Amino acid sequence: MIKTLVLPLKTSTLHFANVQARKQLMARGAKMELFITQPDDWHLHLRDGDLLEAVIPHSAFHFRRGIVMPNLKPPVKTTAAAVAYRESILKALPANSDFTPLMTLYMTDTTNPEEIKLARESGFVQAVKLYPAGATTNSQDGVTDLFGNCLPVLEEMVKQNMPLLVHGEVTDPGVDIFDREKVFIDTVLIPLIQKLPQLKIVMEHITTADAARFVESCKAGFVAATVTPQHLVLNRNSLFQGGLQPHNYCLPVLKRETHRQAIVSAVTSGSKRFFLGTDSAPHERQRKECSCGCAGVYNAPVALSLYAKVFEEAGALDKLEAFTSFNGPDFYGLPRNTSKIKLIKRRWKVPESFSYASGEIIPMFAGETLDWMPSPV
Ligand code: NCD
Ligand code: ZN
């Protein structure tokens, strides 16, 4: 990563390696710019119809590629459906955008191993998503018994080197919602990697110290995790700050502060096992501000600013680029991007909302001021 400080009233840039020097220059009013390889988003909900049209410009502005989640209504269960969905995403892209959607299939109890072969042959499908039935938004058609119903499919995925992306929470109503990730690790993931040690697994949107530890304990190159901005900057108090805060509600639900700190340490440690996945999950405002609100935080417009803030506060800006732009493609076996983007240390205000044909969407940190501004080079 090339780090530059742009000094006011001068056009020259300074390259620096020394955090202390940077701090001194910043204190004297220098403005900082980071040039990093363009990031990808390895966990993204783009939806469809007019909501897709409303949100895609935000992801396409910041990211070069996105792993697009298949939990539409109806879900994207086949390669044919994924190819059609990809077409509608490409159609909705702003003119001249080079954003590339990477498609996923929604696993059910009846997914056929043949479908995995088709998926691989298509060249468009990069992974298969496991939603335990009932775990989250549009997961009703998900898997009810992974070991009972899905082993042939998982074995085919090993053969095709097709990663399994997991929503890592059990759905047993008897398990406390704050413990569901840990119980999933113990009862599903550990037995799964014992049975199929060659299966590539991404534990999506991890939220706990237990998950960070688990990922670190696995064989390198086979198990990795995505981490969202909200799980790095918020803890569960944010759900109730001054009253119920529906726009901070997502699944897996925010956890206590010690867990937030553990995942910050994991991503800023430089470990290659963690990479950027926003889980940007827009819902129309009325569907969040109602008596039974949907889970999902719309963070695409603010995600990169927040990741930069987290790495800066941890004194680890030199590790940001690997997290945003290298670890993901390396794990998936895809090339790293060659284009760059710039992150400018400049205050900007997050819009209060985004209007579209069917209503409006409220972004994470609506109306608040953030420190880092992403910009094209
Ligand atoms: C996601 C959604 O709305 O599709 N919601 C969320 O809270 N993260 C689904 C998911 O990733 O769990
Ligand atoms: Zn998601």
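## Elements and model

Helices here are DSSP runs of H or I with at least four residues, strands are DSSP runs of E with at least two, and both are numbered from the N terminus. The model is predicted. Loops are named below by the helices or strands on either side.

## The zinc site

Which residues coordinate the zinc ion (ligand 2)? His-43 and His-45 each do so through NE2, and Asp-279 does so through OD, at 2.0 Å. Along the chain, the donors follow the spacing H-x1-H-x233-D. His-45 sits in the loop between β4 (41–44) and α2 (49–62), while Asp-279 sits in the loop between β11 (274–276) and α11 (285–288), so this pair ties together parts that are 234 residues apart in sequence.

Why is the arrangement around the zinc ion (ligand 2) irregular? The four donor atoms subtend angles of 92 to 137°. A tetrahedral label needs all angles between 85 and 135 degrees. The range given for this site runs to 137°, and the arrangement is irregular.

Are His-45 and Asp-279 buried or exposed? Both are buried. For Asp-279 the relative accessibility is 5%, so this residue counts as buried. The backbone of Asp-279 also deserves a look. Its phi is near 55°, a positive value in a residue other than glycine. Asp-279 thus combines three entries in this report: a zinc donor, a buried residue and a positive phi.

## Helix α12 and its partner

Two packed helices are described by the angle between their axes and the distance between the axes. Helix α12 (residues 303–313) packs with helix α13 (residues 320–332) at an angle of about 140°, and their axes are 9 Å apart. That angle makes α12 oblique to α13. From α12, the contact draws on Leu-304, Tyr-307, Ala-308 and Phe-311. From α13 come Leu-320, Phe-323 and Thr-324. By class, six residues in this contact are nonpolar, one is polar and none is charged.

How much of α12 is buried? Nine of its eleven residues are, so α12 is largely enclosed by the rest of the structure. The buried set includes Ala-303, Ser-305, Leu-306, Val-310 and Glu-312. Leu-304, Tyr-307, Ala-308 and Phe-311 are also buried, and these four are the α12 residues that meet α13. Just after α12, Gly-315 takes a positive phi of about 65°.

Ala-303 belongs to α12. With 0% relative accessibility, Ala-303 counts as buried. Leaving aside neighbours within four places in sequence, Ala-303 is in contact with Pro-229 and Thr-278. Val-227 is 76 residues from Ala-303 in sequence, with 11 Å between their C-alpha atoms.

## Backbone exceptions

Most residues other than glycine have a negative phi, and most peptide bonds are trans. Where does the model depart from that? The bond from Lys-73 to Pro-74 is cis, with omega near -5°. Pro-74 lies in the loop between β5 (65–68) and α3 (79–92). Leu-251 and Pro-252 are also joined by a cis peptide bond, with omega about -5°. Pro-252 is in the loop between α9 (229–233) and α10 (257–268).

His-205 has a phi near 35°, which is positive although the residue is not glycine. Its place is the loop between β9 (201–203) and α8 (209–217). Its relative accessibility is 2%, so His-205 counts as buried.

## Two loop residues

Leu-196 lies in the loop between α7 (180–195) and β9. This residue is buried, with a relative accessible area of 11%. Beyond neighbours within four places in sequence, Leu-196 is in contact with Leu-151, Leu-154, Glu-155 and Val-158. Leu-196 and Ala-303 are 107 residues apart in sequence and 34 Å apart in space, C-alpha to C-alpha.

Gln-245 is in the loop between α9 and α10, and Pro-252 shares that loop. With a relative accessible area of 30%, Gln-245 is partly exposed. What does Gln-245 contact, leaving aside its neighbours within four places in sequence? Ser-238, Leu-239 and Phe-240 are its contacts. Glu-289 is 44 residues from Gln-245 in sequence and 8.9 Å away in space, C-alpha to C-alpha.

Methods
Residues numbered from 1 in each chain as written. Chains lettered and ligands numbered in written order. Predicted model: local features only at pLDDT ≥ 70, side-chain atom pairs only at ≥ 80, totals over all residues. Heavy atoms only, no water. Donors = N, O, S within 2.8 Å, 3.2 Å for Na, K, Ca; no water. Tetrahedral: all angles 85-135°; square planar, octahedral: opposite > 155°, others 65-115°. Buried < 20%, exposed > 50% of the residue type's maximum accessible area, 1.4 Å probe, protein only. Axes fitted to C-alpha atoms, helices over the stretch in contact; angles between N-to-C directions. Parallel < 35°, antiparallel > 145°, perpendicular 65-115°, else oblique. Contact = heavy atoms within 4.5 Å. Nonpolar A, V, L, I, M, F, W, Y, C, P; charged D, E, K, R; others polar.
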